[in-house]
2 protein chains.
Amino acid sequence: MATAAGDSKQNPGSEEDCAVNNYGTLPLIQSKEKNDRHLVSVRDITEALAKQIIWVRGRLHTSRGKGKQCFLVIRHQFATIQAILAVSENISKQMVKFVASIPKESIIDVEGEVSLAPSPIESCSQKTVELQLKKVFVVSTAEQRLPLQIEDAMRPEESDESMAHVNQDTRLENRVIDLRTPSSQAIYRIEAGVCKLFRDTLDEKGFVEIHTPKIIPAPSEGGANVFQVTYFKTNAYLAQSPQLYKQMAICGDFGKVYTIGAVFRAEDSNTHRHLTEFVGLDIEMAFNYHYHEVLFTIGDLFTQIFKGLEQRFASEIETIRKQFPCEPFEYLDPPLRLEYKDAVVILRENGIEMGDEDDLTTTNEKFLGKLVKAKYHTDFYMLDKYPLSVRPFYTMPDPDNPKYSNSYDMFIRGEEILSGAQRIHEAQLLTERAKHHKINLEQIKSYIDSFRYGCPPHGGGGIGLERVLMLYLGLGNVRKTSMFPRDPKRITP
Amino acid sequence: MATAAGDSKQNPGSEEDCAVNNYGTLPLIQSKEKNDRHLVSVRDITEALAKQIIWVRGRLHTSRGKGKQCFLVIRHQFATIQAILAVSENISKQMVKFVASIPKESIIDVEGEVSLAPSPIESCSQKTVELQLKKVFVVSTAEQRLPLQIEDAMRPEESDESMAHVNQDTRLENRVIDLRTPSSQAIYRIEAGVCKLFRDTLDEKGFVEIHTPKIIPAPSEGGANVFQVTYFKTNAYLAQSPQLYKQMAICGDFGKVYTIGAVFRAEDSNTHRHLTEFVGLDIEMAFNYHYHEVLFTIGDLFTQIFKGLEQRFASEIETIRKQFPCEPFEYLDPPLRLEYKDAVVILRENGIEMGDEDDLTTTNEKFLGKLVKAKYHTDFYMLDKYPLSVRPFYTMPDPDNPKYSNSYDMFIRGEEILSGAQRIHEAQLLTERAKHHKINLEQIKSYIDSFRYGCPPHGGGGIGLERVLMLYLGLGNVRKTSMFPRDPKRITP
């Protein structure tokens, strides 16, 4: 590979080139040879390395030719560093010209000496050092015309309107470029963090991770909103949730279970918060005597997630705030629990007309969130004891008032991110409730039969991962927290 | 709840009952009241608790009435304890009769005094203690007729043929009961362990967890074997792997990624190792100069998984071995890497006729596994440098021999559990290879376009979770390691 300049796309027929071995386009890295060259990561280039000669791989973020010099910014993930190439004994005019012509976003290997920057470089993450380049090789060439500019995609949405901004569809059409912005780099690292905190907190409490099927024989929650799959000579459906299966794991004596996986909703809802496929973080647990044992386990889970994000992802959150400004997130420990009927009272006191058993509209949900925030100073709360009529058939009715149920939603910044309940663990009552909801009993026979052989009381909930993150970060659109979002109008890339 | 006996289904019209408040069937636990009663877990009842009176919840595993006494075994997950109820001042004949009539698998709350067993109780996990019962309440009643008996389902498969055994279909039809056997309890805990070890090992190495869509616009790996989904007014498909998306995450500068999720194969293969839906553990990473950086990262990942299972799940593995005997698992650290051409030589030396570029049949794979085990004493190895013709279009050709490729499979006990490769990271070569494989370029345009804007060399692989566990434990059928398996003939429960 040291002979790579032989393969380079240098200007042919030019004058003799003293730097002929110092630049060029490498042949495709096809693992022809092993190379034990140590590559230093951009983020690790600090003053401690001053005067050292190092190899670095990164993307050409920007470049600016200026006579006999070329100023580059090299980027790797969050980190950027300034690099300078100047004509000298070993660096030819041809080399400077070649480097100045490398398309932005190409991946390059450079050798350079780390030097202290004469003044802080505000435009780079590495502010106190720069690289004096000696060699520059292109590892992977980007096309000259990019469908979007990273610098435009990084710009705060509310900033100077005279500057170019990138709209959502362009971002999604060219997702692999949009994912390279600092905000995207941060969002998906935080998303991984939410999953890790979810699992670590529950593992600690003795939960077992399970995997539930996505292909199911009948709509699991009744009704429409379900995708149909051609399954050999018959039809099947995509699971709207792991509900029935996580409950069956409880019947199977796993006690406390969680599962993370795709769930599917065939709703033709083109809103900021609906996806047709999203990641469900689902929990189910047996309890001893009261479903509040479950409610407060989940409440504490959120507290642990919020604490963990603050502790482990402060710099990622700050990075995102720069592009998408948002109020800091407030929460109470232990979390606030309100009852549905009290929420109705609060709303009525503030001019909303609604019946005791009406479901909350999205508008009222958000308004309630504002009222709760003003009164209790929390962006997260739990709303307990929903009217029975607005909940799924498997929800346990409230023993003290048949109009209500042992069910709850949880909210971040006034939008629902979890729905849960005590479940009915007795086949007879479950059958009655399914009939009441006009569900085809034959289709859910194996589910109902599961409760015929002894089942502990249990409850749980399902969390929408993309919503949690969108609302926690105040991003305003769930497509920003789904790497490759699916909605009624989008199934590509 | 203390008044539960009032609701009990005791024998009406019987003589006066001194124990009327000590037994019965509880009303449905509907969270009417909070109850701070402490329940001791069966596995925690040891000699240290001798003479203490405790409450315990568990399933009625077996019961045997004997005159004025009744011997019960109470089970919770892996743990069982013997309990004795005997007619006395506070325990009536009616109570003994009631308890003796509780159907097996019902969930009961009992109060009892812990006493030392006169001789070790070999049939229970708690061998040195038993419970002298004072109160017995039924929390959830099982039906009298169970579709299978737990004791039959627990029996070693090779054991006494005169005893009842439970066949696979009966187990799967009644999965919630089959899941209660010690083997099932252990299998799914180990499966959770494999996922945890996978993630922890990769998190440690700087990987980022991502989530990729299951609904995709075109068959991702070309050809048939793909399930079709009705997607609003158009059609879509279920992803055969997260391949294209994890590579796009690499294009998006995430560097090292993994994802755990459902993958779908519409193959009409009714074998011991094929499922139509399984859990894929997928890895993709950028490397510097040679794909062996990826190969050995994955090899070490398996070593960490094997070590972790030995350390953390020794007792679960022992539990499973009792029902499903199997040779102990052997592996090398670092793992063995063989080249495909050398494997062909080994097979030919042992009488197999095959061409240099023939794919391995399942039979030859297994035979090779035996030969490798005999020679190298390992049940896990990596087979590198497959013929190009048997690999997917996105596989990087070997730069030194166009008939081979930079690709590998990994094996446990002679069966494939991972397939992987260096990927082509250049749009032009990728297009050529896709054309060669007669793939519709229009359908994978967004994938190929991803490589037009600079992409580092990268590679990865996909692991079938259920296969890893089936083969590691020597269980012989992948349906034993899928909680709710899907195959061409089964989509229920």
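In this predicted model, chain A is divided into two domains, with domain 1 covering residues 5-140 and domain 2 covering residues 182-480. The centres of domain 1 and domain 2 of chain A, taken over C-alpha atoms, are separated by 50 Å. Along its principal axes, the C-alpha trace of chain A spans about 90 × 55 × 40 Å.

A look at the make-up of chain A helps to fill in this outline. Chain A has 13 helices and 18 strands, and 61% of its 493 residues count as buried. Among the contacts in chain A with a separation of 6 or more, 68% come from residues 24 or more positions apart. The accessible surface of chain A comes to about 19,600 Å², and carbon and sulfur atoms account for 48% of that area.

Turning to chain B, a good place to begin is an open sheet of eight strands with mixed pairing. Read across the sheet, the strand order in chain B is S8-S12-S13-S18-S17-S16-S15-S14. Strand S8 (208-209) and strand S14 (336-339) of chain B form the edges, each pairing on one side only. Within the sheet, strand S17 (residues 415-422) and strand S18 (residues 458-464) of chain B pair in the antiparallel sense over five bridges. Leu418(B) stands opposite Ile463(B) in S18(B). Helix H5 (residues 182-204) of chain B packs on this sheet, where helix H5 touches S8, strand S12 (256-264), strand S13 (277-286) and S18 of chain B. The direction of helix H5 of chain B makes about 155° with that of S12(B).

Definitions and conventions:
Residues are numbered from 1 along each chain as its sequence is written. Chains are lettered from A and ligands numbered from 1 in the order in which they are written. This is a predicted model: local features need pLDDT of at least 70, side-chain atom pairs count only at pLDDT 80 or more; totals for chains, interfaces and linings use all residues. Side-chain values use heavy atoms; hydrogens and water are left out. Two strands pair if DSSP finds at least two bridges between them. Helices (H or I, at least four residues) and strands (E, at least two) are DSSP runs, numbered from the N terminus. Contact means heavy atoms within 4.5 Å. Axes are lines fitted to C-alpha atoms, for helices over the stretch in contact, and angles run from 0 to 180 degrees between N-to-C directions. Domain bounds come from an automatic or database domain assignment. Buried means under 20% relative accessible area, exposed over 50%, partly exposed in between (1.4 Å probe, protein chains only). Accessible areas come from the Shrake-Rupley method with a 1.4 Å probe; for residues, only the protein chains shown count as cover.
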